[in-house]
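User: Please take one close look at a hairpin, its neighbours and, for context, the main pocket. I am new to this structure, so define the terms as you go.

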Amino acid sequence: MILASASPRRRDLLALITPEFEVAVSGADESCDIADPRKMVRFLAEKKAASVAQDYPDETVIGADTVVEAGGEVFGKPADFEDARRMLRALSGNVHFVHTGVCVTCGGRKITEAFTTKVFFRPLDPQEIEEYLAQENVMDKAGAYAIQGSAARFVEGIEGCFFNVVGLPVSGLYGMLKKLDQV
């Protein structure tokens, strides 16, 4: 089994399903002009999985992509700290959605799904945002936060899979692997 992702969080989460996998970072171009976030993450997960599957045609390959949707805007990883501030201000006191697309390829078969979790953020004051940005590495996180880190204090609740917000919907992926007889 091959995980087509450089994310250490995805590695940790896949290890909850199986300890036996390798990592091969996808070189796929992640630019995308699809406006619908669920379609976008499905498309990007497929691109990542296909990119790695070319080099591992006989292996099960897992590609994933995560974005945050808030107020009709899609947030990926922030471009810089000002972009991260903008994202956190938009999430403050609001509900947002975390969408993760997952694609599993195996022996010419492919399953692609999108998973969504609704997240409720409490209002944040500017000082909280600055303190958070100073203590967390947010540049590699969709929406500029990590629910499993100190941003947990901002989350009033969720509806859906917690692990999806971290970056890989463990139960959903397990179900996909079962459909392909890979677990």
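The hairpin and its surroundings

Analyst: Two residues lie between strand 5 and strand 6 in their hairpin, where Gly107 takes a positive phi near 55°. Strands here are DSSP runs of E with at least two residues, and helices are runs of H or I with at least four, numbered from the N terminus. This is a predicted model, in which local features need pLDDT of at least 70 and side-chain atom pairs 80 or more, while totals for chains, interfaces and linings use all residues. Residues are numbered from 1 along each chain, and side-chain values use heavy atoms, without hydrogens or water.

Strand 5 covers residues 95-106 and strand 6 residues 109-121; the two pair in the antiparallel sense over 12 bridges (pairing needs at least two DSSP bridges). Within this pair, Val98 stands opposite Thr117 of strand 6. Strand 6 also runs antiparallel to strand 7, residues 155-159, and four bridges join them. There Phe120 of strand 6 faces Gly157 of strand 7.

The largest pocket has 33 lining residues; Arg10, Lys48, Thr66, Lys77 and Asp140 lie nearest its centre. Elements giving two or more residues to this lining are helix 1 (8-14), helix 2 (37-53), strand 3 (61-70) and helix 5 (162-166). Strand 3 gives the most, with five residues. A pocket is an open set of points on a 1 Å grid where a 1.4 Å probe fits, with protein on both sides within 12 Å along at least five of seven lines; lining residues have an atom within 4 Å of a point.
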